[in-house]
Amino acid sequence: MIDSTSRYAALSQTPLVWTDPSGREIRYVPRRFLAPADSYEVLAEAVVLGGDRLDLVAVRMLGSAEAWWRVADANETLDPETLTSEPGVRLRVPVPR
């Protein structure tokens, strides 16, 4: 159900099921809790370039656009787009686990 590169891969591969009042079953994965940003081992710092997006930073630093969420997790933000909104910002790039 969940790809091995997904941020939800470490969660249970057996989905949870909730049954709504009409009897319809809705499958879902449990909530993903994040470790504090300072608990991540830092591989490098990336400097945001003009026009950057997190997927571009992830490709440049980790070799995969799908790893954007790793950078977001290591930089504590509720809105990942804010991380690349200003050129020159330094982002922590974590060691992939």
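These notebook entries record what I looked up in one protein structure.

**Entry 1. The model**

I noted at the outset that the model is predicted. I therefore treat every value below as computed from a predicted model.

**Entry 2. Salt bridges**

I asked how many salt bridges the structure holds. The count is five, and I examined three pairs, among them D20 with R24.

In the pair of D20 and R24, the closest N and O atoms lie 3.3 Å apart. I then looked up how open each partner is. D20 has a relative accessibility of 13% and is buried, because buried means under 20%. R24 reaches 52% and counts as exposed, because exposed means over 50%.

I turned next to D52, whose side chain meets that of R60 in a salt bridge with an N to O distance of 2.9 Å. Are D52 and R60 buried or exposed? D52 is buried, at 10% relative accessibility. R60, at 39%, counts as partly exposed.

The side chains of R90 and E45 form another salt bridge, at 3.5 Å from N to O. This pair links distant parts of the chain, since its partners are 45 residues apart. I found R90 in strand β4, which covers residues 90-94, and E45 in strand β3, which covers residues 42-47. R90 counts as exposed at 54% relative accessibility, whereas E45 counts as partly exposed at 46%.

**Entry 3. Distances between C-alpha atoms**

I looked up how far P87 lies from D52. The two residues are 35 apart along the chain, and their C-alpha atoms are separated by 7.9 Å. P87 belongs to the loop between α2 and β4, and its relative accessibility of 53% makes it exposed. D52, by contrast, is the buried partner recorded above, at 10%.

I also looked up L62 and N75, which are 13 residues apart in sequence. Their C-alpha atoms are 15 Å apart in space. L62 is in helix α1, residues 54-62, and is partly exposed with a relative accessible area of 22%.

**Entry 4. A nonpolar patch on the surface**

Which residues form a nonpolar patch on the surface? They are L16, W18 and Y28, and together they have about 300 Å² of accessible area. I followed L16 further and placed it in strand β1, residues 16-19. Its relative accessible area is 36%, so L16 is partly exposed. That value also meets the requirement for a patch residue, because the cut-off is over 30%.

**Entry 5. The second largest pocket**

Rolling a probe the size of a water molecule over the atoms shows where empty space is left. I looked up the second largest pocket, which holds about 220 Å³ of space.

What lines the second largest pocket? I listed R7, R32, L34, A35, W68, W69, A72, D73, E76, T77, L78 and P80. By kind, the lining divides into seven nonpolar residues, one polar and four charged.

I then considered E76, one of the lining residues. E76 sits in the loop between α2 (68-73) and β4, the loop in which I had also placed P87. The phi angle of E76 is near 35°, a positive value in a residue other than glycine. With 57% relative accessibility, E76 counts as exposed. I therefore recorded E76 both as an exposed residue and as part of the pocket lining.

Terms used:
Residues numbered from 1 in each chain as written. Predicted model: local features only at pLDDT ≥ 70, side-chain atom pairs only at ≥ 80, totals over all residues. Heavy atoms only, no water. 1 Å grid on protein atoms, 1.4 Å probe; cavity = no way out; pocket = protein on both sides within 12 Å on 5 of 7 lines; lining within 4 Å. Points joined across faces, edges and corners; volume = space filled by probe spheres on them. Nonpolar A, V, L, I, M, F, W, Y, C, P; charged D, E, K, R; others polar. Patch = residues over 30% accessible without salt bridge, like charges linked within 9 Å, V, L, I, M, F, W, Y side chains within 5 Å. Areas by Shrake-Rupley, 256 points an atom, 1.4 Å probe, with all protein chains shown as cover. Salt bridge = Lys/Arg side-chain N within 4 Å of Asp/Glu carboxyl O. Helix = DSSP H or I, 4+ residues; strand = E, 2+ residues; numbered from the N terminus. Buried < 20%, exposed > 50% of the residue type's maximum accessible area, 1.4 Å probe, protein only.
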